Amino acid sequence: MRLSVAERRTDLLRAAVEQIEARGVAAVRIADVASALGVSNALVLYHFDTKEKLVAAAFAHAAEGDLARLRGILGRRTTAVRRLRAAVRWYAPTGQAKGWRLWIEGWAAALREPALREVTRELDRQWKSALAGVLAEGAQAGEFACPDPAAAALRLSALLDGLAVQLTSYPGSLSRARAQEWVDEALARELGLDRTALTASPR
């Protein structure tokens, strides 16, 4: 069956993400992506021109999926506390979010690749903005006290990203259970709540 341009592009992006996860940004080649799908190098270059553009597009593709999942969690019809806890637990390195190895690779490569830096910066901006929005909403509704939602979102993100580096890059340095405890404690602290309030039934 002949694929449409959009379908072929999506297949190439998925293959690129898989190859980056397996080989790393520096080592991955156009030929690796082409081989994974049984297509020619020329076909990959037809869609993306250069390896740099392919890599940036692959990270953007991965980011779009993560952001869609995040919006789904934060858009649930329940309390802000429950939505925040679900989002933070999903995003945390102990949860079901993006492959952290991929994003650590992306952060490192972004230091040298302007196009990739823009992709990772935009993902970071949208994540913090979405989190800050629900923090502000919950504070306004009187669920908790959070005088500076933007700063709280930044602190939570910094903790989550740092734990991801520890758990992914240095296996055994920290248990997943302890990391999850710290995540819950940090969220409760930002909301001015006791940890038990994070799991309390909505009123």
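Contact means that heavy atoms lie within 4.5 Å of each other. The exercises below concern a predicted model.

**Exercise 1.** Determine which residues of helix α1 are buried, and which helices they pack against.

*Solution.* Step 1: Locate the helix. Helix α1 covers residues 5-23 and has 19 residues. From its first C-alpha to its last, α1 reaches 26 Å, close to the 27 Å expected at 1.5 Å a residue.
Step 2: List the buried residues. In α1 these are Leu12, Leu13, Ala15, Ala16, Val17, Gln19 and Ile20.
Step 3: Identify the partners. The buried residues of α1 pack against α2 (30-37), α3 (41-48), α4 (51-74) and α6 (100-110).

**Exercise 2.** State which residues touch the most other members of the largest nonpolar core, and which helix gives the most to it.

*Solution.* Step 1: This core has 63 residues, of which Phe59 and Leu135 touch the most other members.
Step 2: The greatest contribution comes from α4, with 12 residues.
Step 3: Neighbours within four places in sequence aside, the contacts of Phe59 include Ile20, Leu102 and Trp103.

**Exercise 3.** Classify the ring pairs that Tyr91 forms with Trp100 and with Trp127.

*Solution.* Step 1: Planes over 60 degrees apart count as edge-to-face, and planes under 30 degrees apart as stacked.
Step 2: The planes of Tyr91 and Trp100 stand at 85 degrees, with ring centres 5.3 Å apart, so this pair is edge-to-face.
Step 3: Tyr91 and Trp127 are stacked, at 3.9 Å centre to centre and 10 degrees between the planes. This pair links helix α5 (residues 80-91) with helix α7 (residues 114-140), its two members being 36 residues apart.

Notes:
Residues numbered from 1 in each chain as written. Predicted model: local features only at pLDDT ≥ 70, side-chain atom pairs only at ≥ 80, totals over all residues. Heavy atoms only, no water. Helix = DSSP H or I, 4+ residues; strand = E, 2+ residues; numbered from the N terminus. Expected span 1.5 Å × (residues − 1). Buried < 20%, exposed > 50% of the residue type's maximum accessible area, 1.4 Å probe, protein only. Core = buried A, V, L, I, M, F, W, Y, C linked by side-chain atoms within 4.5 Å. Phe/Tyr/Trp six-rings, centres within 6.5 Å; stacked < 30°, edge-to-face > 60°.
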